[in-house]
Amino acid sequence: MSLKPVVILDEGLPAGLKANFAAVLGMSLGRNCPELAGAETATRDGIVLPGITTVALPILGAPAAGLPALFAAAAGLPVRLAYMRAAYEARDYANYTARIAAEPLAAHVPQAILLAGERKAVDRLCGSLPLLR
């Protein structure tokens with residue numbers, strides 16, 4: 001199965017946070033699905049560039065209030081990542097993990113999510129969301 005990944009951001013966030021959250025989720029996708037990164041490619045003059053993603057990664061926008069339900073609805077997808085408010089508020093990774101561990105999933109607020117799975121399943125969940133502007 002080929003994965004279709006999408007990032008969905010709280011459309012109300014400032015541009016800088018949107019960029020940061022999308023980058024964090026993209027990096028996390030690469031860690032969880034290294035097969036999505038392409039091979040190194042050499043330029044004509046022999047400079048080797050690291051591989052980049054082999055799949056498109058659309059960045060979509062959604063109202064903040066809809067992100068928790070969308071994240072919950074995606075529970076059956078093979079990849080479901082979230083940038084929770086706890087990450088934004090944390091001082092470092094240890095503080096982030098402590099904040100996450102201190103509350104049940106339902107108490108955490110996603111500010112951005114990344115979903116990946118079979119194209120039809122992903123489209124059913126977020127096919128009506130617009131590209132982020």
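Two strands count as paired if DSSP finds at least two bridges between them. Keep that rule in mind as we walk through this predicted model. Strand β5 covers residues 79-84, and 6 bridges join β5 to strand β6. These two strands run antiparallel. Two of the facing positions can be named. V79 has A116 as its bridge partner in β6. L81 stands opposite L114, again in β6.

Now look at another partner of β6. Strand β1 spans residues 4-10 and pairs with β6 in the antiparallel sense. This pairing also has 6 bridges. Here P5 stands opposite A116 of β6. So A116 faces P5 in β1 and V79 in β5. In general, strands of a sheet pair through backbone hydrogen bonds, either parallel or antiparallel.

Next, step back to the whole sheet. It is an open sheet of 4 strands, in the order β4-β1-β6-β5, and its pairing is mixed. Why do β4 and β5 each have one side without a neighbour in the sheet? They stand at the edges, and each has a single partner strand, so one side is left free of a neighbour there. Strand β4 is made of residues 59-62. Neighbouring strands of the sheet are turned by 20° against each other on average, with direction ignored.

A helix joins the picture. Helix α5, residues 119-126, packs on the sheet and touches β1, β4 and β6. The direction of α5 makes about 20° with that of β1. Strand β6 itself takes in residues 110-117. Is β6 mostly covered or mostly open? It is mostly covered, for 8 of its 8 residues are buried.

Charged side chains come next. Side chains of opposite charge can pair when their charged atoms come close. The structure holds 2 salt bridges. In one of them, the side chains of D123 and K4 meet, at 2.3 Å from N to O. D123 is in helix α5 and K4 is in strand β1, so this pair links distant parts of the chain, 119 residues apart. D123 is partly exposed, with a relative accessible area of 32%. K4 has 17% relative accessibility, and because buried means under 20%, K4 counts as buried.

R99 and E89 also meet through their side chains in a salt bridge, at 3.4 Å from N to O. R99 lies in helix α4 and E89 in helix α3, which is residues 85-89, so the pair ties together parts 10 residues apart in sequence. Both ends have some access: R99 is partly exposed at 31% relative accessibility, and E89 is partly exposed with a relative accessible area of 42%.

R99 leads us to one last residue. Where is H108? H108 sits in the loop between α4, residues 93-101, and β6. Is H108 buried or exposed? With a relative accessible area of 11%, H108 is buried. Leaving aside neighbours within four places in sequence, H108 is in contact with M84, A86, R99, I100 and E103. A polar atom of the H108 side chain lies 3.0 Å from the backbone oxygen of I100.

Terms used:
Residues are numbered from 1 along each chain as its sequence is written. This is a predicted model: local features need pLDDT of at least 70, side-chain atom pairs count only at pLDDT 80 or more; totals for chains, interfaces and linings use all residues. Side-chain values use heavy atoms; hydrogens and water are left out. Buried means under 20% relative accessible area, exposed over 50%, partly exposed in between (1.4 Å probe, protein chains only). A polar contact is a pair of N or O atoms within 3.5 Å; within protein, one must be able to donate a hydrogen and the other to accept it, and residues adjacent in sequence count only if both atoms are side-chain atoms. Contact means heavy atoms within 4.5 Å. Axes are lines fitted to C-alpha atoms, for helices over the stretch in contact, and angles run from 0 to 180 degrees between N-to-C directions. A salt bridge is a side-chain nitrogen of Lys or Arg within 4 Å of a carboxyl oxygen of Asp or Glu.
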